[in-house]
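Colleague: I have the sequence and the fold up on my screen, and I'd like a close look at the interior. Please start with the aromatic rings and work outwards from there.

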Amino acid sequence: MSKVKVTRDQQRAQAAYEAVVGAVKQKWEKKYGAACHRLPGLIHQCGLCQAVAFFQAKGEDKEDSKRYYFYKVLHDLAGMTGQGSAEGLAHNARTMPMTQYRELTREAMACAQWLKRYSQAVLHVDPTEDTGS
């Protein structure tokens, strides 16, 4: 019997699904989904470093905070990209050599696309809905 190989994209999809399902039935569920929905565009338009800085500036790492969802999206992205924590992702995005930064940006974009897809599929995020964030 042969061993089934799992592609990197399948790993990204699984990690994104688990992250988004973790937001289900949270008080910040829709805002988390909306932030996930905007993340790929923000990375594409501004670059990874600036997108991460935006989420850091907006987010608070206390679960009872009104802005926890920004931190949670950044934390989930960091885990998916292998950076460990939101702080690790931010530090690496600021200090990596350019070739590694571009590679990290490509990986973050691929992961962000999966977060966006699952926020639409699982959380039923409507991109036209205003979440007040």
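Modeller: Counting ring pairs with centres within 6.5 Å, there are nine aromatic pairs in this model, which is a predicted one. Take Trp28 and Tyr32 as the worked case. Their ring centres are 5.8 Å apart and their planes meet at 55°. Stacked pairs have planes under 30 degrees apart and edge-to-face pairs over 60, so with its 55° this pair counts as tilted. Both partners are buried: Trp28 has a relative accessible area of 7%, and Tyr32 comes out at 0%. The two also belong to a wider group, as Trp28, Tyr32, Tyr68 and Tyr71 make up one aromatic cluster.

Two names in that cluster, Tyr68 and Tyr71, take us to helix 4, where both are among the buried residues. Helix 4 has 13 residues, and eleven of them are buried, so the rest of the structure largely encloses this helix. Besides the two tyrosines, the buried set includes Tyr69, Phe70, Val73, Leu74, Leu77, Ala78 and Met80, and also the charged-type names Lys72 and Asp76. What do these buried residues pack against? They pack against helix 1, helix 2, helix 3, helix 5 and helix 6. The length of helix 4 works out too: at 1.5 Å a residue it should span 18 Å, and its end C-alpha atoms are indeed 18 Å apart. Just past helix 4, Gly82 has a positive phi of about 80°.

Now zoom out to the nonpolar core. The largest one holds 38 residues, and the members that touch the most others are Tyr32, Leu39, Ile43, Leu48 and Leu115. So Tyr32 turns up again, this time as one of the best-connected residues of the core. Helices 1, 2, 3, 4, 5 and 6 each put in at least two residues, and helix 4 gives the most, with nine.

Leu48 is a handy place to see that core up close. Beyond its neighbours within four places in sequence, Leu48 is in contact with Ile43, Ala93, Tyr101, Leu104, Thr105 and Ala108. One of these partners, Thr105, sits in helix 6. Is Thr105 buried or exposed? With a relative accessible area of 18%, and the limit for buried set at under 20%, Thr105 counts as buried. Leaving out its own neighbours within four places, Thr105 is in contact with Ile43 and Leu48.

That brings us to helix 6, which runs over residues 98-121. Its 24 residues reach 34 Å from first C-alpha to last, close to the expected 34 Å. Its buried residues are Tyr101, Leu104, Thr105, Glu107, Ala108, Met109, Cys111, Ala112, Trp114, Leu115 and Ser119, and they pack against helix 1, helix 2, helix 3, helix 4 and helix 5. Trp114 has something extra going on: the charged end of Arg117 sits over its ring, 4.6 Å from the centre.

Another name in that buried list, Cys111, raises the disulfide question. How many disulfides does the structure have? A search of the whole structure finds zero. Why is Cys36 not bonded? Its closest cysteine sulfur is that of Cys111, 12 Å away, whereas a disulfide needs the sulfurs within 2.5 Å, so the gap is too far for a bond. Cys111 is likewise in no disulfide, with the sulfur of Cys36 as its nearest. Both cysteines are buried, Cys36 at 0% relative accessibility and Cys111 at 0% as well.

To finish, two spots at the surface. Lys25 has a phi near 65°, a positive value in a residue other than glycine. Lys25 belongs to the loop between helix 1 and helix 2, and is exposed, with a relative accessible area of 78%. His124 is another non-glycine residue with a positive phi, about 55°. His124 lies in the segment after helix 6 and counts as exposed at 57% relative accessibility.

Technical notes:
Residues numbered from 1 in each chain as written. Predicted model: local features only at pLDDT ≥ 70, side-chain atom pairs only at ≥ 80, totals over all residues. Heavy atoms only, no water. Helix = DSSP H or I, 4+ residues; strand = E, 2+ residues; numbered from the N terminus. Expected span 1.5 Å × (residues − 1). Buried < 20%, exposed > 50% of the residue type's maximum accessible area, 1.4 Å probe, protein only. Contact = heavy atoms within 4.5 Å. Phe/Tyr/Trp six-rings, centres within 6.5 Å; stacked < 30°, edge-to-face > 60°. Lys NZ or Arg CZ within 6 Å of the ring centre and 35° of its normal. Core = buried A, V, L, I, M, F, W, Y, C linked by side-chain atoms within 4.5 Å.
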